[in-house]
Amino acid sequence: MKSETVPLKQTQRTTKLRKHSKISWDHFFSITTLAPSIILLGVFVYGFIFWTGYVSLTNWNSFIPDFSFAGLKNYFLVFETFRFQSDLRNIVVFTILFIISCIVIGLFLAILIDQKVKAESLFRSIFIFPMAVSFVVTGVIWSWILNPETGVNLVLKAMGWKHLPSWFLSTTIVPNITVGQIQIGIPLALLAVLIAAVWQMSGFAMAVYLAGLRGISDDIKEAARIDGAGSWRIFWSIILPQLRATTTTVIIILTAASLKVFGLIYAMTGPGQEFVTDMPSMNMFQTTFQGNQFAQGAAISVVLLLIMAAFIVPYLISTLKQGEDE
Amino acid sequence: MELRLVLRRINRTLLYLLLVVLALLYLVPIYVVVITSLKDNAAISLSHMWSLPVHPSFASIQSAWNQLGPNFGNSIELAIPATIISSLIGSLNGYALSKWKFRGSNVVFFIILFGMFIPYQSVLIPLLRVLDSIGLYNTIAGLILVHSIYGIPITTLIFKNFYSAIPMEIIESGKIDGVGYWGIFRHIILPLSIPGFVVTGIWQFTQVWNNFLFAVSLTNPPNQPVTVALVNIAGSQTVQWNVQMASALLASLPTLIVYIFLGKYFVRGLLAGSVKG
């Protein structure tokens, strides 16, 4: 493969030169091919985001549309609510725990599988298959497994546990520091959601890490071994640093998934008592479509979008730039 | 020397033990779903959740199918056209973006790609109003349109990465032979695209089938896809756990079957989602 890349680059360069020398019908076709997609996404992504942003600045908070200008009123209203403050706590806590768990478990699984094991593809398939089922299926199944009256608690009871966890029905927040209206800490109910989400998505981290591990050349590892480095030292000083770009990718994709989490919450717990498992996505949905507070719902979705964009835009720009340089 | 061999043997045994235990843990939900689905209403009890069904029965699967069947049909009617349309568009876009780069084509790629990451809540209100005004709200056709459009970023990405691996020489030779943009696409690129279509097809089918947000926001009974029907069944106080689990099993069967037979391609789609591919 590698020997091919050099002439390939040269041909690309010559095409570029030719493009400047004369107007090519083919490049005109290239742009025409993309035009419908650009128009569709221009309307359905960018136009609609703009429209949502506009709605968030109006007084449309009943069933009848009202496009009179309200300024930032809806944003202030939303940020003042106990519910949205809880959402922000939940999404931060959930995203951090979700990413750490997926990375640790995913990397661990990838390393195990990378040891030239027999039946490798079987193990790989088992760890990845949850990705093929819907988040709502995951939610329904895990709400049965983590049902406090049965499931895992039966096992814990048999093992002699006295205080059985109430899983997603718990309203406890640890460590429970009061800040304004809400308690800051980890809502224990979110841990139940976390288990289900990690079950579903850790296989993704594993697959990406496995691809990353396979990309590290054996020569480097062998050279280190000859220099007398032990397995741990090779892992910490050679393998881990090589996986930095992989880890960035995993973090970004998992962050995007975590910020969007909706079906899982909807199917498993809903907003939860005292909003212990509520998320901005859930809040937006209920505020808009069940409460008919369209402008406030729009404001929530704009906040969610901005959080997402803060992660995604720098990542996309840097990866696309890298692709250009190569 | 002897000791090192023994240590190695122990290490390998531990490795396999660990892998088997972890694999079994990941399979617990499957075990629970299958055994619960095979119990009838009389056999379902909270205290015997983990035990195998004494008299396996298909009664709950039958009952789940009676409730879920029409929605299952809706999902098929939705997922297949949406998959085909978005894959075709993705293939055309990927060809243009990988083989006919022009000034600003990377910007175009960015503009397309960003649509993949947005939380769809941020387009939901206008989407609902537009679909309503063109008469597609609460229709499968409306959902097909929505999934075809929001599927464009990922299908474009997968095909761009896929076509980038095809050497430019092939394109050049096509040019020398006198075939232009569309000729090269039809006679050279398209015949090479089958694996690309398998990857995008599987990925899109899984995504559309599993989607819940668009389904629950844009359709009402009886036009709802299977994911919404499943949540309705699970949320109902009167439905027993065995029927809920049977519904979950039925709702995930198509994507699981695709995964079992074409898992390799599914993983490729999975990795392509991380942009560089």
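**Exercise 1.** How many residues does the contact take from chain B, and how many from chain A?

*Solution.* Keep in mind that this is a predicted model. Start with the totals: chain B gives 75 residues to the contact and chain A gives 84 residues. Next, look for the main contributor on the chain B side: helix α11 (residues 241–272) of chain B supplies the largest share, 14 residues. Finally, sort the side of chain B that touches chain A by class, which gives 55 nonpolar, 17 polar and 3 charged residues.

**Exercise 2.** Work out into which domains chain B is divided, and how far apart their C-alpha centres lie.

*Solution.* First take the bounds: domain 1 of chain B spans 2–37, and domain 2 spans 59–272. Then compare the C-alpha centres of the two domains, which are 35 Å apart.

**Exercise 3.** Describe the stretch of chain A that carries a UniProt domain annotation.

*Solution.* The unreviewed UniProt entry places "domain: ABC transmembrane type-1" on residues 88–317 of chain A. Now turn to the model: this span is 70% helix and 6% strand, and its end C-alpha atoms are separated by 27 Å.

**Exercise 4.** Decide where in chain A you should be careful with the coordinates.

*Solution.* Begin with the whole chain: the mean pLDDT of chain A is 88, with 92% of the residues at 70 or above. Then go element by element: helix α4 (residues 82–113) of chain A has the highest mean, 96, and helix α1 (residues 2–21) of chain A the lowest, 43. Over residues 1–22 of chain A, pLDDT stays under 50, and the model has 11 contacts beyond four places in sequence for them. Where pLDDT is low, predicted coordinates should not be read in detail.

Conventions: Residues numbered from 1 in each chain as written. Chains lettered and ligands numbered in written order. Predicted model: local features only at pLDDT ≥ 70, side-chain atom pairs only at ≥ 80, totals over all residues. Contact = placed C-beta atoms within 7 Å. Helix = DSSP H or I, 4+ residues; strand = E, 2+ residues; numbered from the N terminus. Nonpolar A, V, L, I, M, F, W, Y, C, P; charged D, E, K, R; others polar. Domains from an automatic or database assignment. UniProt positions renumbered as here; feature names shortened; annotations may be inferred. pLDDT = per-residue confidence, 0-100.
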